[in-house]
Amino acid sequence: MTTPEQLAMLALGVPLIGFVLVAMSGRVPNVREAFTLLTALVTFACVAGLYPAVMRGEEVRFALLEVMPGVPLSFRVEPLGMVYALVATLLWIPNSLYSIGYMRANHEKNQTRFYACYPLAIASAVGIAFADNIFTMFVFYEMLTLSTFPLVTHKGTSDAMRSGRVYLGILLTTSVCFQLFAVLWIYVLSMGDTPAVESINFTVGGVFRDGLASNRIDPGIIGLLFFLYIYGIGKAALMPVHRWLPAAMVAPTPVSAFLHAVAVVKGGVFCVIKVSVYVFGVGTMQQYGLGNWLLYVAGATIIIASLIAAFQDNLKKRLAYSTISQLSYVVMATALLTPLSIMAATFHIVAHAFGKITLFFAAGSVYTASHKTQVSQLDGIGRRMPATMAAFTIGALSMIGVPPLVGFVSKWWLISSVIERGTLSGVDFSEGFVLAVIGASTLLNASYFLPIIYRAFFRPLADDDLKHPHGEAPMPMVYALSFTAALTVLFFFWHKPALDLAELVRRAAL
Amino acid sequence: MELIRHNLPALIVVTPLVMGLLTSIIGRRGLGWWMAMGTTAAGLAMSVQLLVDVLSQGDRTLEYLMGNWPVPFGIGYSVDPLNATVLLIVSLLSAVITLYARKSVASEVPAGKLNFFYALWLFCITGLLGITITGDAFNLYVLLEISSLSTYTLVALGKDRNRRALTSAVNYLVLGSIGACFYLVGVAYLYMATGSLNIADIAERLQPIYASWGTDEPVYQKTVITGFAFMAVGLSLKLALFPLHGWLPNAYTYAPSSVSALLASTATKVGAYAFIRVIFTLVGVGFAFGRLHTDVALMVCSGAAILVGSWLAIRQTNVKKLLAYSSIAQIGYIALGFALANRDGITASVIHLFNHALTKGGMFLALGIVMYRVGGTRLSDLRGLGRKLPITMGAFTAGGLGLIGVPLTSGFISKWYLVSACLERGRYELAGVVLVGSVLALVYVWRVVETIYFGKREDEVTVREAPASMLVPTLILVGASIYFGVDSSFTTHIAGEAADFLLKVKP
């Protein structure tokens, strides 16, 4: 019987073994793809195997090595990290299936490099999820950026290289100049005999409480650190550091679907929640009003990104801006700084992941079957690709928040938390602002998703298209997108595991 | 054995000196390389032994008297954790690079001159080791000149590839000699004030002089200040600290590949060491930083070095020159560390001496392979080499990640300590400079990496992977630079010892 610690180590180690296996089996594509699928399944099994231990509240922690004295690479499995790790590893399975169909049908080159980078990215994601101190989180955050770079620039064209530079430039500049600065600042404050900061480990309630109680740290510095952290996590794509996400759309669609709708961006918002709860502490931030500015920046990001999305004709670009807007839902919910809003933020990681990966899968299927990339070309495509466009419809409705889809559930919790906040501390402008943003964004979502559905199902095919008949995309892709669409529906009715974890996060934030 | 062990401090310098003389006489037909290889390998063993010995001493020092003449009359060698570390850096790098040099040098230097090449090579190493170990300020000057004069010639030997090696060498000769003269003038002034040449002795005799400055009758105030000023400028020149870096880019670029690697990884490191020694041991940090505020000047210069060096590196099209400008920036990190004068700062400096020597040495060796196989190191020569020289270019890229300071490379450890030191001193702007420097490093490294992996070659030449004798040393250095980023217990330990020694914290 393996202990939870061993399982957690396996969750980190199996993708690395998978990386080696995939890299070595490049000559035999079928074996290579079998390794990819196998690695995905085993990794998910390892992470899922940790679920009972986490629900029992067991402490699962281990350290790998001491990189510098007092600064180890250490890990601890806690509910919030579980949510992110589960989402990332679960969705890697359909994504692997989808990649096989996509890469083969589109005759992409350098497929071994492509498949080899995925497990590295997953290992980084698991590392971020289970990191126990801010140093470990930073290390894996950077690893995730670097391991996904070859995937973004996969095509190797000058356009891909340019976008790759934007991707790497924004993500590394923000993380080095802001996040690393904050990490080191907290590290320096945590040294000495009477440190102002308790430790660099993630601590329930935050690490500043003692220092604040004994006046060893100025709340203004905490505010500055929080700002450095929020903009140091460029992966959360908060405006104005969001430009890398549309740039990353140059990547093959499986990459956009999985990394830039799930693993990378969710890694970003996960880090935002994690540091808010476990470094700064919800109570501390509320007391000194540190989250207020973030509420408005996130709200503005939601609206502006939605407006930009509405004007994009390129389907993937439209989805990318929709992602930026949806990520800021998580950030905005975090910035509300009530335990219930933290729970809503956590749940939205799950809800958005299922819907958005389905949408990207559909976009990639359309491209593979018909080589269409623009929304304006999609007239009547629903008749030729009914399964794909049905899945697209499910994903889009979930984004808008229509029941019975999982997007509705997370919107429910978000609005509940706003109301709870109003009843707890008295209604002020911020609650109204958040509700207005949610309302406006729902309308905007509808305005840029519904026309696509209308075109696909209710407009006739263009004359040009009649000459080029095509059917559905290859079967692996259809299976994958049907699976994620089914999850989007299923999680409306049966979201207890995710909600239970989110509930544990709520308690940690109390 | 006991005799050898007792005389190690002298042997580590005398062996390469004697072997160098022998090499120039009998080192023909490939024998020269064998002699150099044996000598540097022995040097490595000796420096490891010295480090072990010094760390086992209660007061962390080993004194050695040349010919048993007592100091201050004779020349005393003195080993402590700081220079034992630098000795290890110099001897490790010189052994690994000598291992690499055989084929590379044979392809770049005329066969008839190989014995002289390896003789100069050993003299250069003699000088570097001697500067590091000596406890005598004048002896330091002599050894500085031994290493410098041989270096000028070694640089000039790159002339068959490119005539500009000659002008670079002359330029280096002029500036290097000015630097050495300035240092000598400084020593003379201090001799005038104290009547001694031994570093520890001068430091002791300076104390009553400093004490007199607060009274009505200050003695030798202007003399000592002038002396230190001359020394500081002279050593800044040797160290290539911005804005006195002018000689460095061309000397590194046009020298033979192995010479560039040796210079980049050891020469400036020894210069930095000498500067640290002068500030912390000779004149004392209370005088240099407390009274004269040299630390502010150093912080400004090193901050500028980081930003300007990196910026100029971005604009280069010759990758060797790009690395040279990057070295100017990295020297800024080293100087910034000791200018902060706190434990983390000095630790950062010493760690970076070590880490940067490994990283930059490894990258220059990888470039040397490109030179050997392709015949040039311009950006266009590197296009698409990722497929043709996968191991070499992989090593180059890994080294590049170290320069940027990506986590789990040794460069990250250096930066971690350096930024911590800045924050401890409350110099937030300098912490920012260091981090911005990393981003600039990202830009110049990534330009090369993109060219290597995504550049298209018009000429489909067949390029084979490098011979093992060149590949293995490259991989040793780059591998070590990664290893010390994952587990830094060795580097942080010895650097911490050195910092404690300099700040006079009792072990």
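The largest nonpolar core of this predicted model has 394 residues. The residues with the most contacts inside that core are A:Val83, A:Val87, A:Val331 and B:Val155. The surroundings of A:Val83 can be listed in detail. Residues up to four places away in sequence aside, A:Val83 touches A:Thr346, A:Ile349 and A:Val350. A:Val83 also touches A:Ala498, A:Leu501 and A:Ala502.

The two chains meet at an interface. On one side, 23 residues of chain B take part; on the other, 22 residues of chain A. Three elements of chain B each give two or more residues to the side that touches chain A. These are helix 18 (410-424), helix 19 (428-454) and helix 21 (489-502). Helix 19 of chain B supplies the largest share, 9 residues. By residue class, the side of chain B that touches chain A divides into 15 nonpolar, 5 polar and 3 charged residues.

Two helices of chain B were examined for length and burial. Helix 3 of chain B covers residues 31-56. Its 26 residues should span 38 Å at 1.5 Å a residue, and its end C-alpha atoms are 38 Å apart, so expectation and model agree. The buried residues of helix 3 of chain B include B:Gly32, B:Trp33, B:Met35 and B:Ala36. Further along, B:Thr39, B:Thr40, B:Gly43 and B:Leu44 are among them. B:Met46, B:Ser47, B:Leu50 and B:Val54 are buried as well. An α-helix has 3.6 residues a turn, so residues three or four places apart point the same way. The buried residues of helix 3 of chain B pack against helix 2 (8-26), helix 4 and helix 5 (114-133) of chain B. They also pack against strand 1 (62-65) and strand 2 (76-79) of that chain.

Helix 4 of chain B, one of these packing partners, has 28 residues and runs from 81 to 108. From first C-alpha to last it reaches 38 Å, close to the 40 Å expected at 1.5 Å a residue. Helix 4 of chain B has a kink of about 55 degrees, centred on B:Ala101. This helix is mostly covered, with 23 of its 28 residues buried.

In chain A, A:Arg216 lies in the loop between helix 8 (209-213) and helix 9 (219-232). A:Arg216 counts as partly exposed because it has 15 C-beta neighbours inside 10 Å. Neighbours within four places in sequence aside, A:Arg216 is in contact with A:Thr194, A:Ala196 and A:Gly211. A:Leu21 is 195 residues from A:Arg216 in sequence. The C-alpha atoms of A:Leu21 and A:Arg216 are 52 Å apart in space.

Note on methods: Residues are numbered from 1 along each chain as its sequence is written. Chains are lettered from A and ligands numbered from 1 in the order in which they are written. This is a predicted model: local features need pLDDT of at least 70, side-chain atom pairs count only at pLDDT 80 or more; totals for chains, interfaces and linings use all residues. Two residues are in contact if their C-beta atoms, placed from the backbone, lie within 7 Å. Helices (H or I, at least four residues) and strands (E, at least two) are DSSP runs, numbered from the N terminus. Ala, Val, Leu, Ile, Met, Phe, Trp, Tyr, Cys and Pro count as nonpolar, Asp, Glu, Lys and Arg as charged, and the others, Gly among them, as polar. A residue is buried if 20 or more other C-beta atoms lie within 10 Å of its own, exposed if 12 or fewer, and partly exposed in between; C-beta atoms are placed from the backbone. A nonpolar core is a set of buried Ala, Val, Leu, Ile, Met, Phe, Trp, Tyr and Cys residues joined through C-beta atoms within 7 Å. The expected span of a helix is 1.5 Å times one less than its number of residues. The bend at a residue is the angle between axes fitted to the seven residues ending there and the seven starting there.
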